[in-house]
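Grab a viewer and work through these exercises with the model open. Each one comes with a solution to check yourself against.

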Amino acid sequence: MKLNPENLNINLRHIRALDAVAREGSFVAAAKRLGIVPSALSELVRHLEEAVGAALFDRNTRPPSMTPLALTFLGETAPLLAEMDKAVTRLRQSAGLELGVLKIGASPSAISELVAPLLADFLAERPMVHCLVHDDIAETLAQMVIEGKLDIAVAGRALQSPDLAQLELMRDDFGLACRADDVLAGARVQLADLKDRVLIGLASQTGTQQLLADSDLPRWLLNTRINAHSTIAQLCMVRAGVGVALLPQNAVNLFNDPKILFAPISDFQLQRKLYILEPKKRGLSPLARAFVAKIRASRVE
């Protein structure tokens, strides 16, 4: 609908001025309610009357009374003022981190070790805030951050993109995930000990598998007999006694399951890094900015 240019001369301040006079019964009390001097209120009413081309007050009465035209206008605009007040309140609450939805992506091990404990405190302080947590591999999470489907993500190093910023948060060592009753549990493990073991690897597009592939790990350890899509699937198979897996320590301790142990490997040194993934060309929401600040503060402590 095309706007009437003459209507643009009337704004919210004019409507609030008229509404305040109706509520308070006098210009002096209405001016006090609005936080302005009576002369400024009179000027607003005069300007409004000029814009509509008719008197809105009968000045022959003391105090001046509203004309039927003004009362009809107030009846029509009262719902608009009420909805505007609600909208502004919601806007202030969102800006003040009281309302909104925080959309976080994270690798499963990052959720357990880092995101979940911080999120529990963050949401406890903001009972009206909702949160979406999406777990996946780093490459998928990075793309979702770039596309705006997620505010931020916490994961291993992802794709290189001019649209993505990656800030290192923490590191953990690779080692062996095995059952607690495995002969290697508690032993001084070497790579040669894995020669005749069933190895459970990850899909080639995952960050963990790419780290292993780029390391000096013997190639025969990369030709795993079983490949899983996720760390969770790997750990489930380790727990069931299907085989063993090369994983970062925080990933092995994902569920603090006493039936799954992490064993360091004496002749293999490799670390996995976790990063905050943020959009470069899009500003963070106030909620996301506050949560990122909480993550960074936790790493400093």
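## Exercise 1: A residue in a loop

N256 is found in the loop between α9 (249–252) and β10 (260–263). Keep in mind that this is a predicted model. Your task: work out what sign phi has at N256, and whether the residue is buried or exposed.

**Solution.** Start with the backbone: phi at N256 is positive, about 50°, even though the residue isn't a glycine. Next, check the surface. The relative accessible area of N256 is 63%. The cut-off for exposed is over 50%, so N256 counts as exposed.

## Exercise 2: An unusual peptide bond

Find which residues a cis peptide bond joins, and say where P63 lies.

**Solution.** Look at omega first: at about -5°, it belongs to the cis peptide bond that joins R62 and P63. Now place the proline. P63 sits in the loop between β1 (57–58) and β2 (65–66).

## Exercise 3: A bent helix

Determine where helix α5 bends and by how much, then list its buried residues.

**Solution.** Follow α5 along residues 108–124 and you'll meet a bend of about 50° at V115. Look a little further on: a proline, P117, follows within four residues. Then go through the helix for burial. The buried residues are P108, S109, A110, L114, V115, L118, L119 and F122. V115, where the bend is, is thus on the buried list too.

## Exercise 4: The cysteines

How many disulfides does the structure hold?

**Solution.** Zero. Take C178: it's in no disulfide, and the nearest cysteine sulfur, that of C236, is 16 Å away. For a disulfide, the two sulfurs would have to be within 2.5 Å. Now for accessibility. C178 has a relative accessible area of 0%, so it is buried. C131, on the other hand, has 28% relative accessibility and therefore counts as partly exposed.

## Exercise 5: The cavity

Describe the largest cavity: what is its volume, which residues lie nearest its centre, and what classes make up its lining?

**Solution.** Begin with the count: there is one cavity of 30 Å³ or more. The largest cavity has a volume of about 80 Å³. Next comes the lining, which has 13 residues, with I200, L212, L221, T224 and L246 nearest the centre. Map the lining onto the fold: β7 (200–202), α7 (207–214) and β9 (245–248) each contribute at least two residues. Finally, sort by class, and you get nine nonpolar residues, four polar and no charged ones.

Notes:
Residues numbered from 1 in each chain as written. Predicted model: local features only at pLDDT ≥ 70, side-chain atom pairs only at ≥ 80, totals over all residues. Heavy atoms only, no water. Bend = angle between axes of the 7 residues up to and from the residue. Buried < 20%, exposed > 50% of the residue type's maximum accessible area, 1.4 Å probe, protein only. 1 Å grid on protein atoms, 1.4 Å probe; cavity = no way out; pocket = protein on both sides within 12 Å on 5 of 7 lines; lining within 4 Å. Points joined across faces, edges and corners; volume = space filled by probe spheres on them. Nonpolar A, V, L, I, M, F, W, Y, C, P; charged D, E, K, R; others polar.
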